[in-house]
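Here is a short report on selected contacts, cores, cysteines and strands. Keep the structure open while reading.

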Amino acid sequence: MSYPIDIAVKPEVTPFFDPETNTISYVVKDPSSSSCAVIDSVMDIDYAAGRISYKSADLIIAYVRRNGLQVDWLIETHAHADHLSAAPYIQQQLGGKLGIGEHIVTVQETFGEVFNEGTEFKRDGSQFDRLFKDGDTYSIGNITAFVMHTPGHTPACTTHVIGDAAFTGDTLFMPDAGTARADFPGGDARTFYRSVRKLLETLPPETRLFLCHDYGPDGREIRWETTVREERMHNIHVRDGVSENSFVKMREARDKTLSMPRLILPSLQVNTRAGHLPEPDKSGKTFLKVPINTL
């Protein structure tokens, strides 16, 4: 696959860190116009109280309006298991098209079964405006962005390359944190390794990488930007010289020690619906399910 790399284009990237989920959302602006994209937004949830709110999304909306920006796209790098997407809420306020990788249909099929969803839950990705294939392009103002399919964490993971900036979702963490887990249904450590190496060996060393999560290992300050060069030199899991077999051994052993993310159950029910809550029942109330002894 040949990708249309153009690192001469340098989009303006504004991060929004959500401390409740350690998620970083982004507004990515075309420097030659008012067009932008919103990547991996967050809808707030008080899980214990069963209440949702939009404080995090409202910060993004206020920023876009304050700077007179036009939202062309709302991008989900994958169906997140650790936070709920606010994309429909932002779309209602600001417009734009909502896109995700085409393999969301695999995730919908898997978790449609996990949550015993009925036939009203569509498993064809139609909740989204566009399903991206590997190598697909789209426009943010005058910038041509492109998509790399980077599965392993989930089947639907994608990296979005916008000029000299790449948004990797959970494919990579900061060099001192390594990589995300690969043990969710549909995940695979060997596939994950190959995706990361494709990413690191395809993009130029100076490419800026923007990550979806950071947890400040060993108490360091939260960070979300690195480069291909830094990852290839220093990533503790997948730097140059780490073999596929050694990565798989490490990743599978480490994943066995990890607990499920706190918000995985509400997140996947919402995010496979493109950020929408399940339809209300006959009483008008909306419910999220808790499958027992399933994950």
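## Tyr 3 and its surroundings

In this predicted model, the side chains of Tyr 3 and Lys 198 make a polar contact at 3.4 Å. Tyr 3 sits in the segment that precedes β1 (12-18). Its relative accessibility is 11%, so Tyr 3 counts as buried, the cut-off being under 20%.

What else does Tyr 3 touch, leaving aside neighbours within four places in sequence? Besides Lys 198, the contacts are Asp 134, Gly 135, Phe 146, Val 147, Met 148 and Thr 202. Ser 139 is 136 residues away from Tyr 3 in sequence; the C-alpha to C-alpha distance is 15 Å.

## Sheet and helix

Six strands form an open sheet with mixed pairing. The order is β9-β10-β11-β12-β13-β14. At the edges lie β9 (137-140) and β14 (225-227), each paired on one side only. On average, neighbouring strands are turned by 30° against each other, direction ignored.

β9 pairs with β10 (143-149) in the antiparallel sense, over four bridges. Ile 140 has Ile 143 of β10 as its bridge partner. Helix α4 (189-202) packs on this sheet and touches β10, β11 (158-162) and β13 (208-210). The direction of α4 makes about 145° with that of β10.

## Nonpolar cores

In soluble globular proteins, nonpolar side chains tend to be buried together. The largest nonpolar core here has 37 residues. Val 27, Val 38, Ile 60, Leu 74 and Ile 90 touch the most other members. Elements that each supply at least two residues include β3 (35-39), α1 (55-66), β6 (70-75) and α2 (87-94). So do β7 (97-101), α3 (104-114) and α7 (264-271). The largest share, five residues, comes from α1.

Ile 90 shows the packing in detail. Beyond its neighbours within four places in sequence, Ile 90 is in contact with Val 38, Ser 41, Ala 57, Ile 60, Ile 61, Leu 74 and Gly 95. Another core, of 24 residues, lies apart from the largest one. Among its members are Phe 146, Leu 172, Phe 173 and Leu 200.

## Cysteines

How many disulfides does a search of the whole structure find? Zero. For Cys 36, the nearest cysteine sulfur is that of Cys 212, 17 Å away. Cys 36 counts as buried because its relative accessibility is 0%.

Cys 212 is in no disulfide either. Its nearest cysteine sulfur belongs to Cys 157, at 9.7 Å; a disulfide needs the sulfur atoms within 2.5 Å. With 1% relative accessibility, Cys 212 also counts as buried.

Definitions and conventions. Residues are numbered from 1 along each chain as its sequence is written. This is a predicted model: local features need pLDDT of at least 70, side-chain atom pairs count only at pLDDT 80 or more; totals for chains, interfaces and linings use all residues. Side-chain values use heavy atoms; hydrogens and water are left out. Buried means under 20% relative accessible area, exposed over 50%, partly exposed in between (1.4 Å probe, protein chains only). Contact means heavy atoms within 4.5 Å. A polar contact is a pair of N or O atoms within 3.5 Å; within protein, one must be able to donate a hydrogen and the other to accept it, and residues adjacent in sequence count only if both atoms are side-chain atoms. A nonpolar core is a set of buried Ala, Val, Leu, Ile, Met, Phe, Trp, Tyr and Cys residues joined through side-chain atoms within 4.5 Å. Two strands pair if DSSP finds at least two bridges between them. Axes are lines fitted to C-alpha atoms, for helices over the stretch in contact, and angles run from 0 to 180 degrees between N-to-C directions.
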